[in-house]
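Work through these short exercises with the structure open beside you. Try each task before you read its solution.

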Amino acid sequence: MSFLNTPEMQETTAEVKNKTSDEAMFDKDIRGYDSLGELADLLEGLDHVFIRQKVMMLEAITMGCVEQKNIYTVLTPSGDAILTCREVSDFKSRCCCNPLHSLTIEMFKGIGGGDGNDDAFFTGVGSNAVQSSDEALYTAERPGCCCGKPGLCCPACTDSCTDTMTLHQGHIKGHAGDLESPQPLLMVRQEMAFESPFHPALEIMPAMKGTNSGFAKATHMVNGPMFFGGCVELCCESNWIFSDRTSKSEEGRITKQKPASMEDAMREMLTDADLYRLDFTVGMDNSAKAALITSTLLLDYMFFERDMGVCKPTVGSGDGPGCSTTICNCYCCGCVCPCTCSSGNNDGSHAD
């Protein structure tokens with residue numbers, strides 16, 4: 001049983017769903033609340049799912065020098081693939097600006113959308129995976145530092161410094177920031193530095209009905225810890241709480257999973273491939289589940305793609321090779337500050 005399905009959490013969920021007539025009228029103007037039927041069918045009856053990132057071998061061998069497109073799969077508790085999320089981005093921007101580059105993510109049913117070269121990734125995923133589709137159900141858009149967001153690595157003080165990801169209905173052609181006929185459902189946006197200075201926070205804003213009608217006020221939040229990543233990932237899970245913006249009641253949770261085996265530990269130390277668990281409350285609506293999945297993809301790029309594994313080689317002033325180890329990452333005013341220690345290079349060790 002999910003930890004969210006306790007009597008107390010069910011009572012809280014019922015209170016959140018008990019809206020006034022004015023709120024109900026407001027919901028009717030929100031596009032994201034009635035355009036996610038396909039996703040609802042895929043997630044029906046599930047109290048939690050997993051999102052697993054594929055290990056890209058060329059990227060791992062080159063220690064991130066050759067940055068490849070990310071691939072994520074959404075799995076049921078039994079390991080069956082229900083959704084595959086594939087990054088679409090430019091090679092030059094990935095290699096020069098990763099993880100702050102512009103990208104879109106196309107979401108396919110089952111293990112669809114592949115080119116036949118990643119079958120090994122899905123080996124053992126489960127024999128009951130849903131019927132695959134080569135037509136994208138949804139497209140997530142993330143403008144990067146080369147697309148109107150030059151200050152993504154700076155304190156989040158203006159729109160050009162805040163990270164966002166917008167979920168669109170269906171397959172949308174074009175590049176991030178310049179999509180053809182966009183059909184937004186919701187936006188996940190990083191909070192400004194003065195709103196959340198010492199812990200990362202994302203706000204979820206559903207799209208209003210009508211073309212280019214903008215977004216409604218934020219309905220939900222995702223709040224994370226101040227310290228995360230690095231060696232801490234090897235022994236501790238980091239929890240990101242999905243809550244109602246007004247009542248502050250917890251409605252879901254994103255958990256960055258710690259390694260369960262030596263193989264998982266090696267993957268965590270040497271690559272940036274991660275595993276997340278998403279927990280849903282009883283009666284959670286479709287838009288909230290979609291927001292939780294979209295938020296997970298955004299926070300992976302924002303916070304867990306920055307270090308190419310816990311350990312990486314370095315070249316120092318000494319004669320020999322060295323190694324840099326990320327102890328953890330610290331969040332402050334929109335900036336992610338790694339706490340690292342280095343050794344080798346025959347010139348001693350030091351910590352940053």
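A residue is called buried when its relative accessible area is under 20%, exposed when it is over 50%, and partly exposed in between. Keep in mind that this is a predicted model.

**Exercise 1. Get an overview of the protein.**

Step 1. Count the secondary structure. There are 7 helices and 19 strands.

Step 2. Check burial. The protein has 352 residues, and 51% of them count as buried.

Step 3. Look at the surface. The accessible surface is about 15700 Å². Carbon and sulfur atoms hold 55% of that area.

Step 4. Look at the contacts. Take those with a separation of 6 or more: 60% join residues 24 or more positions apart.

**Exercise 2. Trace the barrel and find the helix that packs on the sheet.**

Step 1. Follow the strands. A barrel is closed by 12 strands, in the order 1-2-3-4-5-6-9-10-11-13-14-15. Their pairing is antiparallel.

Step 2. Check the twist. On average, neighbouring strands of this sheet are turned by 20 degrees against each other, direction ignored.

Step 3. Add the helix. Helix 7 (residues 286-304) packs on the sheet. Among the strands that helix 7 touches are strand 1 (48-53), strand 6 (164-169) and strand 9 (184-190). The direction of helix 7 makes about 155 degrees with that of strand 15.

Step 4. Zoom in on one pair of strands. Strand 10 (residues 201-206) and strand 11 pair antiparallel over 4 bridges. I204 has H220 in strand 11 as its bridge partner.

**Exercise 3. Decide whether T294 is buried or exposed, and list what it touches.**

Step 1. Place the residue. T294 belongs to helix 7.

Step 2. Apply the cut-off. T294 has a relative accessible area of 0%, so it is buried.

Step 3. Find its contacts. Leaving out residues up to four places away in sequence, T294 touches M165, L167, L186 and V188.

**Exercise 4. Examine the salt bridge between R189 and E203.**

Step 1. Recall the principle. Side chains of opposite charge can pair when their charged atoms come close.

Step 2. Read the distance. The N to O distance between the side chains of R189 and E203 is 2.3 Å.

Step 3. Locate the partners. R189 is in strand 9 and E203 in strand 10, 14 residues apart.

Step 4. Test burial. E203 has a relative accessible area of 7%, so it is buried. R189 is at 13%, so it counts as buried too.

Step 5. Widen the view. R189, E191, E203 and R245 are linked in a network of salt bridges. The whole structure holds 11 salt bridges.

**Exercise 5. Find which acidic residues form salt bridges with K256.**

Step 1. Take E268. Its closest N and O atoms with K256 are 3.2 Å apart. E268 lies in helix 6 (residues 262-270) and K256 in strand 14, so the bridge ties together parts 12 residues apart in sequence.

Step 2. Take D274. The side chains of D274 and K256 meet at 3.3 Å, N to O. D274 sits in the loop between helix 6 and strand 15, so this bridge ties together parts 18 residues apart in sequence.

Step 3. Check burial. E268 and K256 are both buried. D274 is buried as well.

**Exercise 6. Inspect the nonpolar surface patch around M226.**

Step 1. Name the members. F198, M226 and F227 make a nonpolar patch of about 300 Å².

Step 2. Place M226. M226 is in the loop between strand 11 (220-223) and strand 12 (227-228).

Step 3. Classify M226. Its relative accessibility is 30%, so M226 counts as partly exposed.

Conventions: Residues are numbered from 1 along each chain as its sequence is written. This is a predicted model: local features need pLDDT of at least 70, side-chain atom pairs count only at pLDDT 80 or more; totals for chains, interfaces and linings use all residues. Side-chain values use heavy atoms; hydrogens and water are left out. Patches are made of residues with over 30% relative accessible area and no salt bridge: like charges are joined within 9 Å, nonpolar side chains (Val, Leu, Ile, Met, Phe, Trp, Tyr) within 5 Å. Accessible areas come from the Shrake-Rupley method with a 1.4 Å probe; for residues, only the protein chains shown count as cover. A salt bridge is a side-chain nitrogen of Lys or Arg within 4 Å of a carboxyl oxygen of Asp or Glu. Helices (H or I, at least four residues) and strands (E, at least two) are DSSP runs, numbered from the N terminus. Buried means under 20% relative accessible area, exposed over 50%, partly exposed in between (1.4 Å probe, protein chains only). Two strands pair if DSSP finds at least two bridges between them. Axes are lines fitted to C-alpha atoms, for helices over the stretch in contact, and angles run from 0 to 180 degrees between N-to-C directions. Contact means heavy atoms within 4.5 Å.
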